[in-house]
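Me: I am new to this structure and would like a close look at a single part of it. Please pick one helix and show me what surrounds it.

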Amino acid sequence: MKIVILGSHGTGKSTLAQRLHGYLLANYSLQVNSVSLVKNKKIKKLKEPIGSLHWEYLPEAPFEALQRGFTMNKETSLESELWIVAHQLEMELRSAPWVADKCLIDILAYARYLFKSEPEFLSIIERIIKKNINYNLVIYLPTGEFPIEDNSLRLMDTNFQKDIDTEILKIMNEMDVSYYTITGSKDERFNAVKEIIDKML
């Protein structure tokens with residue numbers, strides 16, 4: 001199972017995804033050699049084998065790119081973006097169930113914003129990304145609910161944040177991605193997503 005918390009920077013994705021990951025680890029265990037999911041000692045049969053003992057939390061490819069010395073944000077180079085796309089794709093292709101606060105959709109949104117003057121480059125990465133969008137649950141967090149927190153990577157420009165948000169919604173519409181829009185306080189968001197997941201699992 002692949003769960004994505006999606007939205008522009010500074011919308012609370014990491015906070016929600018990390019809390020959700022902790023909840024999944026504490027409440028759901030997976031059996032490698034079967035197709036059963038165990039919750040509170042009750043066994044529910046799944047359609048496909050999961051193949052991992054625990055839920056993974058995927059690290060953010062842009063953070064990892066920054067740690068490797070790539071330029072980021074409005075100074076992101078073509079090389080940086082190519083590495084980010086390839087690394088994100090590699091992580092998302094893992095068979096283990098995972099939760100992520102960054103995915104190919106929002107990476108494409110940033111690429112479209114930053115590389116409007118590079119149509120050939122965009123065409124290649126869009127083809128790759130569109131072919132690999134395959135999530136079981138997409139949670140979308142809109143902008144404007146919280147002030148942007150400075151984490152040394154994200155830009156504090158609210159107009160940039162809103163532009164990325166618009167592009168994310170556009171991409172999801174183009175690709176016909178089903179998603180839940182979640183709003184409210186941190187606790188309200190977590191409880192809403194937890195309820196969705198409990199019904200799914």
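**A close look at helix α3**

Reply: In α3, the buried residues (under 20% relative accessible area, 1.4 Å probe, protein chains only) are S80, E81, I84, V85, H87, Q88, L89, M91 and E92. This is a predicted model, where local features need pLDDT of at least 70, side-chain atom pairs count only at pLDDT 80 or more, and totals for chains, interfaces and linings use all residues. Residues are numbered from 1 along each chain as its sequence is written, and side-chain values use heavy atoms, leaving out hydrogens and water.

Helix α3 covers residues 78–92, and its 15 residues should span 21 Å at 1.5 Å a residue (times one less than the number of residues); the end C-alpha atoms are 21 Å apart, which agrees. Helices here are DSSP runs of H or I, at least four residues, and strands are runs of E, at least two.

Now for the neighbours: the buried residues of α3 pack (heavy atoms within 4.5 Å) against strands β1, β5 and β6 (98–100), and against helices α2 (61–67), α4 (104–114) and α5 (119–131). Those three strands also appear in an open, parallel sheet of five, ordered β5-β6-β1-β7-β8 (strands pair with at least two DSSP bridges). Strands β5 (56–58) and β8 (180–181) each have a single partner, so one side of each lacks a neighbour in the sheet.

One end of α3 meets a residue further along: Y135 is in contact with E92, and also with K2, V4, W98, C103, L104 and I105. Y135 belongs to the largest nonpolar core (buried Ala, Val, Leu, Ile, Met, Phe, Trp, Tyr and Cys joined through side-chain atoms within 4.5 Å), which has 35 residues; L6, I105, Y135, I168 and M172 touch the most other members. Helix α3 is among the elements giving two or more residues to this core, while α4 gives the largest share, seven residues.

Key
Buried < 20%, exposed > 50% of the residue type's maximum accessible area, 1.4 Å probe, protein only. Lists of a residue's contacts leave out its neighbours within four places in sequence.
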